[in-house]
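The following exercises concern confidence, cysteines and the relation between two chains. Please work through each task before reading its solution.

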Protein chains: 2
Amino acid sequence: MAKIITISREYGSGGHVIGEKVAERLGIPFYDSLIITEAAEKTGIAEETVKKVSEDASAANKYINAGFAHRMNMVDRQDKVFNAQREIILEYAKQGPCVIVGRCSDIILEEAGIDCLNVFIHADIDYRVEKAKTEYGLEDCDEKLVRKVDKSRKYYYRYYADRGWGEYEYNQLILDSGKIGEDRCVDIIISAAE
Amino acid sequence: MAKIITISREYGSGGHVIGEKVAERLGIPFYDSLIITEAAEKTGIAEETVKKVSEDASAANKYINAGFAHRMNMVDRQDKVFNAQREIILEYAKQGPCVIVGRCSDIILEEAGIDCLNVFIHADIDYRVEKAKTEYGLEDCDEKLVRKVDKSRKYYYRYYADRGWGEYEYNQLILDSGKIGEDRCVDIIISAAE
C-alpha cells in the first residue's frame, strides 16, 4: 500500500516530472499546480497572484521596505493563500495515497498526524540551469534566476514550517536527480514508498 | 560499473551494516574499522587512541579548558591520525570501487577529484537507541549517549571538511533507515550506484 508522498524540490531539479511519473506508476493522484487553481477559487484571489505569493519569499521579508499598510496587506494575502492551500492539501490526504509537490505539504501533513514519505530532490546548479533552458523553455535562464527561485522556496518553507528546507531530519529520502538520473529517482521513490 | 561509495551515518542508524551488505552484493571491498587499524600502524599511535580521536569532537574544541601544551598535543595527535587516514583512504580509492564508512572520506576523495556516490544515513532517535541496545549490545544506551556520538562525528566533520554534516548539497543520496528499512536502503544504494 503506497503512502502519501510529499516532494520538495530545488528549482530545475525535475521534481515535478519525477513526482508525476511516481504517481502515474503507482496509479495515485498527483497534485502540483492544481493546488494553485483551487486556492484561487477558495480565496477569490486571482490565480496569478496566488502563484506569485505561493512558495515565494515570505511577504514579511519581501515587503520589508514597503509602507506598513501595503506590507500588512501582502502578509495577510500570503497567509490567506497558505491557509487555503493547507485545507486543500488536507482534503487531498483524506482521500488516500497521492503525490503532493511543494507548498510545505510535509509539515502540514505532519502537524495533522498523517504519516508520509517526505522526499527532497536537488541537483547541482549547472544541471538545473540547463534543464530550465531546454525543458522549461526559459532560454535566458541563468544561475542567478535559479538561485532566486530556490531562495523564495527556502524562505517560504522556513517562514511557514519554522525549520530548514531540505534538512535530513525531516526527509526520509533526499536525492540528487542530476547524479542519479530522473528515471532512477522514480524507481527509488517507489521502492521507498512500498 | 560500481563507483566508490562513501557512507556517513548517524550513530545507531545501521550505516555500517548497510555499507557491508552493499559491498558484499557488489563484490567490492568494504572499509570501516580497518582504517583505524591501519592508521595505528602508520602513525605508531595506539589503536585505542586512534579510535578515540577518530571521528571524535575536534581536539581543539574538546580540550579547550585543558592546559595549552596538553591541548596542542591532542590537536597535533588528531591531525596526525586524520592525515594518516586520509592517505589510507586515497590508497583504497586507487584500487577501484569500494565502500568506505565515515572519516570524512567524502571530502577527502572530492578534494582529490575522485567521483563518488556520497550517502548519508540517519534515523529517528528512538530507533537508534533501540538498535544500540539490541544490536550493538549496549544495554544501558540512552538518547544522551547516542546524541553525544553524533555530536562528535558532526564536530569532526565540520572541523576537517569545513561544511555541515548531512547537508544535501554534498550527498547524492540521504536515507532514513528507520523508515525505509535497512534492506531496502541496500537496494536503493545499489540502484543509485549503478
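The model is predicted, and pLDDT is the predictor's confidence in each residue, from 0 to 100.

**Exercise 1.** Determine where in chain A confidence is lowest and where it is highest.

*Solution.* Begin with the whole chain: chain A has an average pLDDT of 89, and 92% of its residues score at least 70. Next, turn to the elements. Helix α4 of chain A (residues 59-62) has the lowest confidence, with a mean of 56, while strand β5 of chain A (residues 173-176) has the highest, at 98. Where pLDDT is low, predicted coordinates should not be read in detail. For the complex, the predictor gives an ipTM of 0.89 and a pTM of 0.91.

**Exercise 2.** Establish how many disulfides the structure holds over all chains.

*Solution.* The criterion is a pair of cysteine sulfur atoms within 2.5 Å. A search of the whole structure finds zero disulfides. For A:Cys116, the nearest cysteine sulfur belongs to A:Cys98 and is 7.9 Å away. A:Cys116 counts as buried, at 7% relative accessibility. For A:Cys141, the nearest cysteine sulfur is that of A:Cys185, 20 Å away. A:Cys141 is also buried, its relative accessible area being 3%.

**Exercise 3.** Identify the rotation that superposes chain A on chain B.

*Solution.* A rotation of 180°, with 0.0 Å of shift along its axis, superposes chain A on chain B with an RMSD of 0.0 Å. The two copies are therefore related as by a two-fold rotation axis. In chain A, the C-alpha of A:Ile174 is the nearest to this axis, 2.4 Å from it. Finally, consider the interface: 100% of the interface residues of chain A are also interface residues in chain B, so the copies meet through the same surface.

How values were computed:
Residues numbered from 1 in each chain as written. Chains lettered and ligands numbered in written order. Predicted model: local features only at pLDDT ≥ 70, side-chain atom pairs only at ≥ 80, totals over all residues. Heavy atoms only, no water. Buried < 20%, exposed > 50% of the residue type's maximum accessible area, 1.4 Å probe, protein only. Least-squares fit on C-alpha atoms with pLDDT ≥ 70 in both. Contact = heavy atoms within 4.5 Å. Helix = DSSP H or I, 4+ residues; strand = E, 2+ residues; numbered from the N terminus.
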